[in-house]
Structures are given as structure tokens and as C-alpha cells.
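Me: I've got a new model open on my screen and I'd like to talk it through. Can you walk me around a few spots?

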Amino acid sequence: LFDGIYPFYPQQRKAAGFNISTIIVIVVFLTLACSFLLIIPGIRGRARLYWTLRVLLSLFMGVGIVVVQFTGDWETGWVQANTSYKSFSCAVVNADIGVHIGLEGVNITLKGNPVNQINETINYNEYFSWSFGSNYDHSYREGLEKGLPSPILYVAEKFTSQSPCAMHRQYRVSGHYASATLWVSFCTWIISNILFSMPALVYGGYMLLVTGAFLTFSLLSFSTVRNSPMCLIQIGTAVLRVAYGGSFWLTLVIGLLCFVAGITVVALHHLNLDLLKTFFDLREDKTEEYQEMAEVHVNSYFVNKAL
């Protein structure tokens, strides 16, 4: 034994704090933000504030659109219950059972209260993917072979393709189309930033509106899972219910932000174009047009030679 753990044997999976893909996306966008903050002192005057506001707001939109692709909390639910721990065992434990549904799969968490019960550490986190190219039923069968705790297998069984709940296909198709529309919105976000760097501000505003529209389509696509009746997930005497999670509401906030920013840009283009150009640091300096020509000195020797 090494600190109470058997060496050379596979250990139970512990609950993970963050998804690795989510961390990578956040680090990439934080690197871009820090790089911009290093060069911001070189911008003079009020334009420094405008540049900071534009870049940080745009990066917030971009990181939000990408990061929700990999998060697992589009729908979440928690319940505390007394439940059997393993099959063919009379042991009953008190635990928190959590369900975290993402666009590509479901994450089921089991954590004991307290964590150490019946001479075991009850802290499990299992992920079952239903994305195209993966086999959810195969992952579920592997869980059966490994002998996962009964609450995890019970919840996972509700999402199998053979379950009478029929939630597998609904979540799979809805998550697929929601992910596709999110990637399209990320492309339109990139195009809007390109247009804002050119003297085509109104078209950048239009692309922000398109970005907000595709974000709305992704929310509507994922919301179609509510069209099918949700199976009752009853653990002991408690019922596990799911509700929209942080990723869903974050996508909604970014979509509304895109609509507000796009409408503002289009309205200023028609009402106050000078103010819009000032904010994007594209205002032309009119003083040079009215500046008088300076005095010119002519060398008479070269003039006479030319004549």
C-alpha cells in the first residue's frame, strides 16, 4: 500500500474541475488579450480607451462562442439522495448525483457525503459521448464491465439508444446542429472584425447582427430537446431534474451583446458617422485640407538655365 492506494492497479476516476479543451481555448484568448495590453501604451490620446474597449469586447465574444462548444453545462441537475452503491450489495450511501449535459455528451458525477464511506472514496466522474463518430451504447457497456456505481449506470441508461425515454437521438441531433451554428457564428465574428479594420464599418455591424442571429439559432436548436418528454430520473425518494446551465445563458448573453453592438454601429452610421469613425479611429484630419501652402524658395540659377 502507498498512502492507502494499491499500486499498479487502475484507480477510480475522480471528478475533473475543467475540460482540457476549455482550458486551451481560454489560454489562447488570454494570450491575445495580454499581447494587446502590451502594445496599448503606444496608442495616444482618447483612442487608447476606444481600442481597449473594442478589442476586449470582441475577444470576450470570440472566447465565449468557442468555449461553449466544449463545456458540459448546457443543462445541469443535482440531487442528494440515499442510494445503493453497487449491484448485488446491500450497502447504502448518501451522495450527491449530478448530471451535466453538453453538446456532445453527458457527464455524470457521484460524490459521497462524506466522501469516505463503507471503506471507499466515493468521488466519481464519468463521461458518455453521443457525438457523431462515437458510440454511446459502447461506452455504457464499458461502464457495466468496469462495475461503475449503480447511480451512474442508472442515469446513463436513461440516455442510451435502446432506452424507452428516447432522449438519445433528440440530444444528439440537437447538439450537433447547435454546434454547427456556433461554428458559423464564430466565422461571422471573424469577418466582422476584418470589416471593422477597414473603412466598411456598417458592414461590420451587419455581420455582428448575423453573428447574433446564428447564436440565437444554436439556442433554439438545443431547446428542441424540451419538445420530447423528459424521463423521470428517480434516485431513492428524490427526483433529479435538469435545467438550463451556464453555457446556455452565456451564449444568450453573447448573442444579445452582438445584437446591441450591431444595431448601435448601423444606427451611428446613418445618424452620426463622424462619431462612429472617431470610435474606430478612422476619422480623417480635415485641417490638412485647409492648410495654406508654405513659402517656397526658388533658385533663380536653375530657372534661368531651364529657360
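**A pocket, a salt bridge and a patch**

Reply: Sure. Phe280 is found in the loop between α8 and α9 (300–306). Keep in mind that this is a predicted model.

Me: Is Phe280 buried or exposed?
Reply: The cut-off for buried is under 20% relative accessible area. Phe280 comes in at 8% relative accessibility, so Phe280 counts as buried.

Me: How far apart are the C-alpha atoms of Phe280 and Met198?
Reply: Along the chain, Phe280 and Met198 are 82 residues apart. In space, the gap between their C-alpha atoms is 9.7 Å.

Me: Which residues lie nearest the centre of the second largest pocket?
Reply: That pocket has a volume of about 600 Å³. Its lining is made of 23 residues. Nearest the centre are Arg54, Ser58, Phe196, Phe279 and Phe280.

Me: And which element gives the most to the lining of the second largest pocket?
Reply: The elements that give two or more residues to this lining are α2 (47–67), α5 (167–196), α7 (246–271) and α8 (273–279). The one that gives the most, with 7 residues, is α2.

Me: By class, how many residues in the lining of the second largest pocket are nonpolar?
Reply: The lining has 1 charged residue and 5 polar ones. The nonpolar count is 17.

Me: Which side chains meet in a salt bridge?
Reply: The rule asks for a side-chain nitrogen of Lys or Arg within 4 Å of a carboxyl oxygen of Asp or Glu. By that rule the count comes to 1 salt bridge. Its N to O distance is 3.9 Å, and the side chains are those of Glu126 and Lys146.

Me: Where do Glu126 and Lys146 sit?
Reply: This pair links distant parts of the chain, 20 residues apart. Glu126 is in strand β4 (residues 120–129), and Lys146 is in helix α3 (residues 136–146).

Me: Is Lys146 buried or exposed?
Reply: Its partner Glu126 has a relative accessible area of 4%, so Glu126 is buried. Exposed means over 50%. Lys146 is at 54% relative accessibility, so Lys146 counts as exposed.

Me: What is the relative accessible area of Ile23?
Reply: Ile23 is found in helix α1 (residues 20–39). Ile23 is partly exposed, and its relative accessible area is 37%.

Me: Which residues make the nonpolar surface patch of about 530 Å²?
Reply: Patch residues need over 30% relative accessible area, and Ile23 has 37%. Ile23 is one of the residues in this patch. The full set is Ile20, Ile23, Ile24, Val27, Val28 and Leu32.

Key: Residues are numbered from 1 along each chain as its sequence is written. This is a predicted model: local features need pLDDT of at least 70, side-chain atom pairs count only at pLDDT 80 or more; totals for chains, interfaces and linings use all residues. Side-chain values use heavy atoms; hydrogens and water are left out. Patches are made of residues with over 30% relative accessible area and no salt bridge: like charges are joined within 9 Å, nonpolar side chains (Val, Leu, Ile, Met, Phe, Trp, Tyr) within 5 Å. Accessible areas come from the Shrake-Rupley method with a 1.4 Å probe; for residues, only the protein chains shown count as cover. Helices (H or I, at least four residues) and strands (E, at least two) are DSSP runs, numbered from the N terminus. Buried means under 20% relative accessible area, exposed over 50%, partly exposed in between (1.4 Å probe, protein chains only). On a 1 Å grid over the protein atoms alone, a cavity is a set of points where a 1.4 Å probe fits but cannot get out, and a pocket is an open set with protein on both sides within 12 Å along at least five of seven lines; lining residues have an atom within 4 Å of a point. Grid points are joined across faces, edges and corners, and a volume is the space filled by probe spheres set on the points. Ala, Val, Leu, Ile, Met, Phe, Trp, Tyr, Cys and Pro count as nonpolar, Asp, Glu, Lys and Arg as charged, and the others, Gly among them, as polar.
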